[in-house]
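Q: Please take me through one part of this model in detail, starting from a loop and following the chain outward to whatever it leads to. I would like one connected account rather than a list.

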Amino acid sequence: MSRVFVIRRRHFGLFAVMAAAVLMTVVFLRYERMDEAVSGTAVNPRVIQLVTGEFESRAEDGRKIEAYIWHPGTVYVRKGETVELQIKGISGGNHPFVIEGLGVKGEVRTGETTKVVVTPAAAGTYPILCLTHLDQEQGGPMVGYIVVQ
Ligand SMILES: [Cu+2]
């Protein structure tokens with residue numbers, strides 16, 4: 001028994017959109033599984049790499065303006081998961097920091113990688129605050145977020 005599937009020309013666009021959606025779903029699910037394989041048992045604790053970055057420009061009056069960032073600015077962690085943050089200092093000198101709500105302190109220095117291990121027990125959003133660049137006057141706020149789900 002064989003059946004032939006015929007797509008009419010006027011339905012081809014719809015078919016193409018549905019096929020693309022199915023393909024994207026398959027790719028997304030495979031990616032999620034790869035991510036779980038890496039974060040689950042294969043690597044423990046899971047390593048999350050960040051860097052310090054800097055935006056620099058000139059205002060219309062010629063004044064130098066700058067801001068400092070953690071990149072990526074937001075990382076996602078599962079409740080109870082142990083992760084190691086490896087933060088490499090690229091720009092902006094030294095960045096003493098605290099992670100509010102997790103009782104973590106540290107400092108990132110240019111050219112060095114600071115490692116911090118955390119196991120957030122509760123869901124929530126935990127700010128990573130640089131104590132040197134707290135507000136716009138100081139080139140901040142240099143804040144990132146650990147989102148625990
Ligand atoms: Cu900083």
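A: Pro72 sits in the loop between β2 and β3 (74-77), and in this predicted model the peptide bond leading into Pro72 from His71 is cis, with omega near -5 degrees. A cis bond also joins Gly140 to Pro141, where omega is about 0 degrees; Pro141 belongs to the loop between β8 (124-130) and β9 (143-148). Let's keep that loop in mind and step back into β2 for now.

Strand β2 covers residues 64-71 and holds Trp70. Searching the whole structure turns up 1 aromatic pair. Its partners are Trp70 and Phe97: the ring centres are 5.8 Å apart and the planes meet at 80 degrees, which is over the 60 degrees required, so the pair is edge-to-face. Phe97 lies in β5 (residues 95-99), 27 residues away from Trp70, and the pair thereby links distant parts of the chain. Trp70 is buried because its relative accessible area is 3%, under the 20% limit; Phe97, at 1%, is buried as well.

Both rings also appear in a wider nonpolar setting. The largest nonpolar core has 21 residues, and Trp70 and Phe97 are among those with the most contacts inside it, as are Ile48, Leu85, Ile87, Ile99 and Ile146. Ile87 is a nice one to click on: leaving out residues up to four places away in sequence, Ile87 touches Trp70 and Phe97, along with Leu50, Thr52, Val108, Glu112, Thr113 and Thr114.

Now follow β5 itself. β5 runs antiparallel to β6 (residues 104-108), and 5 bridges join the two strands. Ile99, one of the core residues with the most contacts, stands opposite Val104 in β6. The two strands form a hairpin with 4 residues between them, and Gly101 in that turn has a positive phi of about 90 degrees.

β5 also takes us to the copper ion. Its protein donors are His95 (ND1), Cys130 (SG), His133 (ND1) and Met142 (SD), at 2.0 to 2.4 Å. Angles among the 4 donor atoms run from 92 to 124 degrees, and the site is tetrahedral. Along the chain, the donors follow the spacing H-x34-C-x2-H-x8-M. His95 is in β5 while Met142 is in the loop between β8 and β9, so this pair ties together parts 47 residues apart in sequence. Both His95 and Met142 are buried. That brings us back to the loop we set aside, where Pro141 is found.

Conventions. Residues are numbered from 1 along each chain as its sequence is written. This is a predicted model: local features need pLDDT of at least 70, side-chain atom pairs count only at pLDDT 80 or more; totals for chains, interfaces and linings use all residues. Side-chain values use heavy atoms; hydrogens and water are left out. Rings of Phe, Tyr and Trp (its six-membered ring) pair if their centres lie within 6.5 Å; planes under 30 degrees apart count as stacked, over 60 as edge-to-face and the rest as tilted. Buried means under 20% relative accessible area, exposed over 50%, partly exposed in between (1.4 Å probe, protein chains only). Two strands pair if DSSP finds at least two bridges between them. A nonpolar core is a set of buried Ala, Val, Leu, Ile, Met, Phe, Trp, Tyr and Cys residues joined through side-chain atoms within 4.5 Å. Contact means heavy atoms within 4.5 Å. Donors are N, O and S atoms within 2.8 Å of the metal (3.2 Å for Na, K and Ca); water is not among the atoms, so sites may look incomplete. Four donors count as tetrahedral if all angles lie between 85 and 135 degrees; four count as square planar and six as octahedral if opposite donors are over 155 degrees apart and all others between 65 and 115; anything else is irregular.
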